[in-house]
Amino acid sequence: MLEGIEDVGALTASPWIYVVVAVSVLLDVFVPVLPSGVLVITAATAAAAGSGAATGEVPGEVPDILALTLCAATASVLGDLVAYRVARRGGARLDRAIARSRRLSAAQERLGAALARGGGALVVLARFAPAGRSVVSLGAGAARHRPRDFLPWSALAGLCWAVYSVALGYFGAHWLGTTWVATGVSVLALFGAGAGAAYVMRRQPA
């Protein structure tokens, strides 16, 4: 019945899950290969077990769904802020590194144009794309965009991503049961959203 939750084991049944989620989400702006989204979905699947999803049984210790969402969203915004500040203080060396990368240069120009016309929805979209968060946060800092032009959109992006990721794990468990099948389908849906976001970003005019 609860094979998936039992396999996740002590981590999801411990308050340390919030620390692990927070650290993973905060750092993946610098190391995009960290599986922060997968971790959030897995914890949300465990949280669904607390309601007895598809089982009628209620384990004693599972993550709180609201706390998990707030933890992931807050860590996302803090990670963006750290990357933004690092890039803003990076100076000429970072500017030269960005100039050498066609992708980073194009992304920086696109971001600048979007923020200038109040279209910071690009920041939200980039949060779902692979490495998009890194490109946008570092690009905004390197281009010295004002914090008030970037951070509100970063906060919205972090919240949207956290709500979506947690919802995938939580409702996936309700529909498919608290097993690795539910987690796998939810992860595929997260990757699908990322692929869709990357496609839309590539279609945006510079």
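**Exercise 1. The overall fold**

How many helices and how many strands does the secondary structure of the chain come to?

*Solution.* Begin with the kind of model in hand, which is a predicted one. Counting along the chain then gives 10 helices and 0 strands, and reading from the N terminus on, the elements run α-α-α-α-α-α-α-α-α-α. Next, consider how the chain is packed: of its 206 residues, 45% count as buried. Among the contacts with a separation of 6 or more, 77% are made by residues 24 or more positions apart. Finally, the accessible surface of the chain comes to about 10,100 Å², and 66% of this surface belongs to carbon and sulfur atoms.

**Exercise 2. The salt bridges**

Work out which salt bridges a search of the whole structure finds, and determine which residues are linked in a network.

*Solution.* The search finds 3 salt bridges, and they can be taken in turn.

Step 1. Arginine 133 and aspartate 28 meet through their side chains in a salt bridge, at 2.2 Å from N to O. Since arginine 133 belongs to helix α8 while aspartate 28 is in the loop between α2 and α3, the pair ties together parts that are 105 residues apart in sequence.

Step 2. The side chain of arginine 133 also meets that of aspartate 80 in a salt bridge, here at 2.6 Å from N to O. Aspartate 80 lies in helix α4 and arginine 133 in helix α8, so this pair ties together parts that are 53 residues apart in sequence.

Step 3. Arginine 133 takes part in both of these bridges, and accordingly Asp28, Asp80 and Arg133 are linked in a network of salt bridges.

Step 4. To place the network, compare each relative accessible area with the cut-off for buried, which is under 20%. Arginine 133 has 6% and is buried, aspartate 28 has 8% and is buried, and aspartate 80, with 2%, is buried too.

Step 5. The remaining bridge joins the side chains of arginine 146 and aspartate 149, at 2.8 Å from N to O. Here arginine 146 is partly exposed, with a relative accessible area of 42%, and aspartate 149 counts as partly exposed at 22%.

**Exercise 3. Rings and a charge**

Why is the pair of phenylalanine 128 and tyrosine 164 edge-to-face, and where in the chain do these residues lie?

*Solution.* The structure holds 4 aromatic pairs, and this is one of them. The ring centres of phenylalanine 128 and tyrosine 164 are 5.7 Å apart and the ring planes stand at 70°, so the pair is edge-to-face, given that planes over 60 degrees apart count as such. As for position, phenylalanine 128 is in the loop between α7 (121–126) and α8 (132–142), whereas tyrosine 164 is in helix α9 (residues 147–176), so that the pair, 36 residues apart, links distant parts of the chain. Tyrosine 164 itself is partly exposed, with a relative accessible area of 29%.

Two further features involve rings. Tyr170, Phe171 and Trp175 are linked into a cluster by ring pairs, and the charged end of arginine 127 sits over the ring of tryptophan 161, at 4.0 Å from the ring's centre.

**Exercise 4. A backbone angle in a loop**

Describe what is notable about phi of alanine 131, and say where this residue lies.

*Solution.* Phi of alanine 131 is near 65°, which is a positive value in a residue other than glycine. Alanine 131 lies in the loop between α7 and α8, and with a relative accessible area of 28% this residue is partly exposed.

**Exercise 5. The nonpolar patch**

Identify the helix that supplies the largest share of the nonpolar patch, and follow one patch residue, valine 31, to its place in the chain.

*Solution.* The patch covers about 940 Å² of the surface, and its residues include Trp16, Val23, Phe30, Val31 and Val86. Both α2 (16–27) and α4 (65–88) supply at least two residues each, but the largest share, 5 residues, comes from α2. Valine 31 lies in the loop between α2 and α3 (36–49), and at 38% relative accessibility valine 31 counts as partly exposed.

Terms used:
Residues numbered from 1 in each chain as written. Predicted model: local features only at pLDDT ≥ 70, side-chain atom pairs only at ≥ 80, totals over all residues. Heavy atoms only, no water. Phe/Tyr/Trp six-rings, centres within 6.5 Å; stacked < 30°, edge-to-face > 60°. Helix = DSSP H or I, 4+ residues; strand = E, 2+ residues; numbered from the N terminus. Buried < 20%, exposed > 50% of the residue type's maximum accessible area, 1.4 Å probe, protein only. Lys NZ or Arg CZ within 6 Å of the ring centre and 35° of its normal. Patch = residues over 30% accessible without salt bridge, like charges linked within 9 Å, V, L, I, M, F, W, Y side chains within 5 Å. Areas by Shrake-Rupley, 256 points an atom, 1.4 Å probe, with all protein chains shown as cover. Salt bridge = Lys/Arg side-chain N within 4 Å of Asp/Glu carboxyl O. Contact = heavy atoms within 4.5 Å.
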